[in-house]
Amino acid sequence: MMIQRRPTREVKIGNVYIGKNHPIAIQSMTNTDTRDIEKTVRQIHRLERAGCEIIRVAVVNRDAALCLSAIKKRIHIPLVADIHFDYKLAIEAVNQGVDKLRINPGNIEDKSKVRQIVQCAKDAGISIRVGVNSGSLSKSIYHKYGGVCAEALVESVMKEVNFLESLNFKDMILAVKSSNVMMSLAAYEQLSALVDYPFHIGITEAGTKFAGTIKSSVAIGSMLLNGIGDTLRVSLTTDPIEEVRVAKQILSSLDIRRFGARLISCPTCGRCEVDLESMANSVQDRLEDIKKPITVAVMGCAVNGPGEAKEADIGIASGKGAATIFKHGNAICRVDEKDAVNVLMKEIDKM
Ligand code: SF4
C-alpha cells in the first residue's frame, strides 16, 4: 500500500524544510523554564540525540524571550518560539534570532499586533505556525458554533491565514489541534481541501505516557495514512524524549521513515521458558545506537521462533538455559542464555 502524500508548498524552518517531498519532521517542546538556559540547552541536547529535528520553547515573558539567542547559539536544530497573548514577545523572539514563531489566533486577536509580528517575521525571513487549539478558540468563533468543533477550528485558522495572506505572507505552517481524535481528523481533512500550506499534526493534551501514546498514534497514524502531515509532535505528560521516541516509532511503523534498527519480538506463549520481556527490553535499549536499517527479532522458543521471524535479518530464539542466534531464519550458533544478547550485538556489529 502506498501513501499518497498531500501536495503542499515548501516552508523553511532554519535549516529544515517542511512540506513538499521533504521528510516528515519530528518536533518536541521543552518543559524546562526557558529562563534557565543551562537546563533548557541540556534538555534540547538530549532531544537532539533522541532524534528531535525541531524544538519549540515556551516564551512566557520578556526574560524568557531574552534568553532565546543564547539558547539558539548552543543547539543544532531549529528553534521555535511559542507565543501566547503578548505580541511584543513575538517581536523580541524574532530579534533574538529564532527560526519560527508559533502564534495562536485565539489569544492574539488584535490585527494591528498580528500585522507587526508578521512584518518582523517577513523582515527576518522566518516562518510562522498558525496553531489553533481546541482549548483556546476565540470567543466569537466559540459562540458562533456553540462550542468546539472541527468547523470552528478550521474557521479560526482560515481567518488568520486570510489575514496573513492579505499581508503577502505565505511562509506558514498550520495546525488545528484538538484533544479529540475524531475532531482532529475532521479538522485536518477539511483544512486540507482549502489550502496548500504544510501541516503540523498532533493531538493536543493527549495525556500520560501510556494513554497519550496510544491516542496520538491512532490520530497521527490515521492522518499520515491519509497523506496528511508534514511535521509532527506527540504531546505527552512525561519526559519529552518519549515524544520523540513515539514519533519515530509512528513514522517507522508506517514505513514512512527508518531510524536504524527495528525490533520485533514475540508475545510469548506456553512454549516460552525464559524471561523474554527482560531480554527484549535489553535488546531494544542496545539497538537505540544502531543506525543500520536492519530488523532484529527476539523470540521465545527455538521451535517456532526463527520461522515466525523470517522477515528479521538477525535474531535470538530462546530455549531453556540456551538460545539460538539466527540470520534470515537459519541458525548460526547456539549460546548460553546469559550470553545471548551480547553475542547478538556482536553479530550485529559485523553486519
Ligand atoms: Fe510462542 Fe515460540 Fe511463537 Fe514466541 S515464538 S509466541 S514462544 S511459539
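**Close-up views of a predicted model**

The residues that line the largest pocket comprise eleven charged, eight nonpolar and seven polar ones. The model shown in these views is predicted.

**View 1. The largest pocket has a volume of about 650 Å³.**
Its lining is made up of 26 residues, and those closest to the centre are Arg245, Lys248, Gln249, Gln284 and Glu288. Two or more lining residues come from each of these elements: α1 (37-50), α9 (209-225), α10, β11 (262-265) and α11 (276-287). Helix α10 contributes the most, with eight residues.

**View 2. Eight strands make an open sheet with parallel pairing.**
Across the sheet, the strands follow the order β8-β7-β6-β5-β4-β3-β10-β9. Strands β8 (172-177) and β9 (200-201) are the edge strands, and each of them pairs on one side only. Helix α10, the main contributor to the lining in View 1, also packs on this sheet. Helix α10 covers residues 240-253 and touches β3 and β10 (231-233). The direction of helix α10 makes about 160 degrees with that of β3.

**View 3. Strands β3 and β4 run parallel and are joined by three bridges.**
Strand β3 consists of residues 25-29, and strand β4 of residues 54-58. Which residue of β4 is the bridge partner of Gln27? The partner is Ile54.

**View 4. The second largest pocket has a volume of about 240 Å³.**
This pocket is lined by 16 residues. Nearest its centre lie Arg56, Asn133, Thr204, Arg233 and Ser235. Strand β7 (residues 127-133) supplies the largest share of the lining, four residues. By class, the lining of the second largest pocket holds seven charged, five polar and four nonpolar residues.

**View 5. The ligand is surrounded by residues that include four cysteines: Cys266, Cys269, Cys272 and Cys301.**
The other residues around the ligand are Thr268, Arg271, Met299, Gly300, Asn304, Gly305 and Glu308. How many residues of this shell are nonpolar, how many polar and how many charged? The shell divides into five nonpolar, four polar and two charged residues. Among the nonpolar ones are Met299 and Cys266. The charged ones are Arg271 and Glu308.

Note on methods:
Residues are numbered from 1 along each chain as its sequence is written. This is a predicted model: local features need pLDDT of at least 70, side-chain atom pairs count only at pLDDT 80 or more; totals for chains, interfaces and linings use all residues. Side-chain values use heavy atoms; hydrogens and water are left out. A residue is near a molecule or strand if one of its heavy atoms lies within 4 Å of it. Two strands pair if DSSP finds at least two bridges between them. Contact means heavy atoms within 4.5 Å. Axes are lines fitted to C-alpha atoms, for helices over the stretch in contact, and angles run from 0 to 180 degrees between N-to-C directions. On a 1 Å grid over the protein atoms alone, a cavity is a set of points where a 1.4 Å probe fits but cannot get out, and a pocket is an open set with protein on both sides within 12 Å along at least five of seven lines; lining residues have an atom within 4 Å of a point. Grid points are joined across faces, edges and corners, and a volume is the space filled by probe spheres set on the points.
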